[in-house]
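Visitor: I would like to learn how to read a model such as this one, feature by feature. Could we begin with a single residue and work outwards from there?

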Amino acid sequence: MFRVPVRNVRGRMQTTLKPTIATASPAPASTTSVESARALQREALHELDDGQVVMRHLAGEPQAFGTLVDRYQTRLLNFVNRTIGDRERAEDLVQEVFIRVFRHLHRFDQTKKFSTWIYTIASNLAKNELRNRSRNPLVLFQTIKKNWEADHRPLQFEDTTARPDDLYRKRFLKDAVDQCVQRLPEHHREVFVLRELEGKSYQEIAEITGCNLGTVKSRLNRARNSFAQLIGPVLV
């Protein structure tokens, strides 16, 4: 039985699996052999696509859900963090995403893409968070500075080396991009992050946001123009 993701004392997400106890065997297997078997099982699961892993989980495979967490935990954390601008709160929301997925995975339409479904859940939670903030003026106008995790998404300004000046420039640019993204209107920011930072297709963005393709393209075009105006003076 999989236990939903929890944060340890350092605030990082982790997943745990309860060990499966073999009752039919007269003698328990050694710890080493059990761990080796689990490692091989995890490797086999990582070779499967999302749909196959979902089916394994629904069939009772104890490590299948952990595979889904491994695949999407960091990606969702980056997405939610960039949307709401608060990494600690983003960790809480991503934990809630996996709780909801775990509870409702049996309802998932397997003719659809799992990635679109889980991003939709994350997007809705992020929107709710922003709406809740808007009711509190003190929170609304707070500037929350967090680090931008490098994940090799489409929006990359330059390659860097180990030279100190290059490292400083990269940190400066990430900081500037972070600030500019946070200044975009909520509905523009969402499509911008999904397209430019997460690399989602227009169709996937439409499904995640619940908008038609025309609206997605229109919002993305406006978001790009706004972002260019915001980032331009910084790059001069």
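Guide: Let us begin with Asn221, which is partly exposed, because its relative accessible area of 45% falls between the 20% under which a residue is buried and the 50% over which it is exposed. Please keep in mind throughout that this is a predicted model.

Visitor: In which helix does Asn221 lie, and how far is Asn221 from His188 in space?

Guide: Asn221 belongs to helix H10, which covers residues 213-235. Its C-alpha atom is 8.9 Å from that of His188, although 33 residues separate the two in sequence.

Visitor: How many helices and strands does the chain have, and in what pattern do they follow one another along the sequence?

Guide: The chain has ten helices and two strands, and reading along the sequence gives the pattern β-β-α-α-α-α-α-α-α-α-α-α. Of its 236 residues, 38% count as buried, and the chain exposes about 13,900 Å², of which carbon and sulfur atoms supply 51%. When contacts between residues at least 6 apart in sequence are considered, 64% of them join residues at least 24 apart.

Visitor: How should I read the packing of two helices, and at what angle do H8 and H9 pack?

Guide: One reads the angle and the separation of the axes, then the handedness, and then the residues that make the contact. Helix H8 (residues 186-197) and helix H9 (residues 202-209) pack at an angle of about 140°, and their axes are 10 Å apart. H8 is therefore oblique to H9, since an angle has to be over 145 degrees to count as roughly antiparallel. Glu190, Val191, Leu194 and Arg195 of H8 make the contact with Tyr202, Ile205, Ile208 and Thr209 of H9, and the crossing is right-handed.

Visitor: Is there a general reason for the spacing of residues along a helix face?

Guide: An α-helix has 3.6 residues a turn, so residues three or four places apart point the same way. In H9, the buried residues include Ile205, Ile208 and Thr209, and Ile205, Ile208 and Thr209 are also among the residues that H9 contributes to its contact with H8. Glu204 and Ala206 of H9 are buried as well. After H9 comes Gly210, whose phi is positive, near 75°.

Visitor: Which residues of H3 meet H8, and what is the handedness of that crossing?

Guide: From H3, Phe79, Arg82 and Thr83 meet Arg189, Val193, Leu194 and Leu197 of H8. The axes of H3 and H8 come within 10 Å and cross at roughly 145°, and this crossing is right-handed. Leu194 appears in the contact with H3 and also in the contact with H9.

Visitor: How does one read a polar side chain within a helix, and is Arg71 buried or exposed?

Guide: It helps to take the accessibility together with the polar partners. Arg71, found in helix H3 (residues 64-84), is buried, because its relative accessible area of 19% is under the 20% limit. Its side chain reaches the backbone oxygen of His46 at 3.3 Å, and a polar atom of that side chain also lies 3.3 Å from the backbone oxygen of Leu45. Beyond its neighbours within four places in sequence, Arg71 is in contact with Leu45, His46, Glu47, Leu48, Asp49, Asp50 and Val53.

Visitor: What does Leu77 touch, and is Leu77 buried or exposed?

Guide: Leu77 is also in helix H3 and is buried, with a relative accessible area of 9%. Leaving aside residues within four places in sequence, its contacts are Arg87, Ala90, Glu91 and Val94; the C-alpha atoms of Leu77 and Arg87, ten residues apart along the chain, are separated by 7.7 Å.

Visitor: Where does Asp86 lie, and which backbone nitrogen lies 3.2 Å from its side chain?

Guide: Asp86 lies in the loop between H3 and helix H4 (87-104), and a polar atom of its side chain is 3.2 Å from the backbone nitrogen of Arg89. Asp86 is buried, with a relative accessible area of 17%.

Visitor: As a last case, which residues does Ala126 touch?

Guide: Ala126, placed in helix H5 (residues 114-134), touches Thr83, Ile84 and Leu93, not counting residues up to four places away in sequence. At 1% relative accessibility, Ala126 counts as buried, and its C-alpha atom is 6.2 Å from that of Val80, with their positions 46 residues apart along the chain.

Conventions. Residues are numbered from 1 along each chain as its sequence is written. This is a predicted model: local features need pLDDT of at least 70, side-chain atom pairs count only at pLDDT 80 or more; totals for chains, interfaces and linings use all residues. Side-chain values use heavy atoms; hydrogens and water are left out. Helices (H or I, at least four residues) and strands (E, at least two) are DSSP runs, numbered from the N terminus. Buried means under 20% relative accessible area, exposed over 50%, partly exposed in between (1.4 Å probe, protein chains only). A polar contact is a pair of N or O atoms within 3.5 Å; within protein, one must be able to donate a hydrogen and the other to accept it, and residues adjacent in sequence count only if both atoms are side-chain atoms. Contact means heavy atoms within 4.5 Å. Accessible areas come from the Shrake-Rupley method with a 1.4 Å probe; for residues, only the protein chains shown count as cover. Axes are lines fitted to C-alpha atoms, for helices over the stretch in contact, and angles run from 0 to 180 degrees between N-to-C directions. Angles under 35 degrees count as roughly parallel, over 145 as roughly antiparallel, 65 to 115 as roughly perpendicular and the rest as oblique. A crossing is left-handed if the near helix is turned anticlockwise from the far one by less than a right angle, and right-handed if clockwise.
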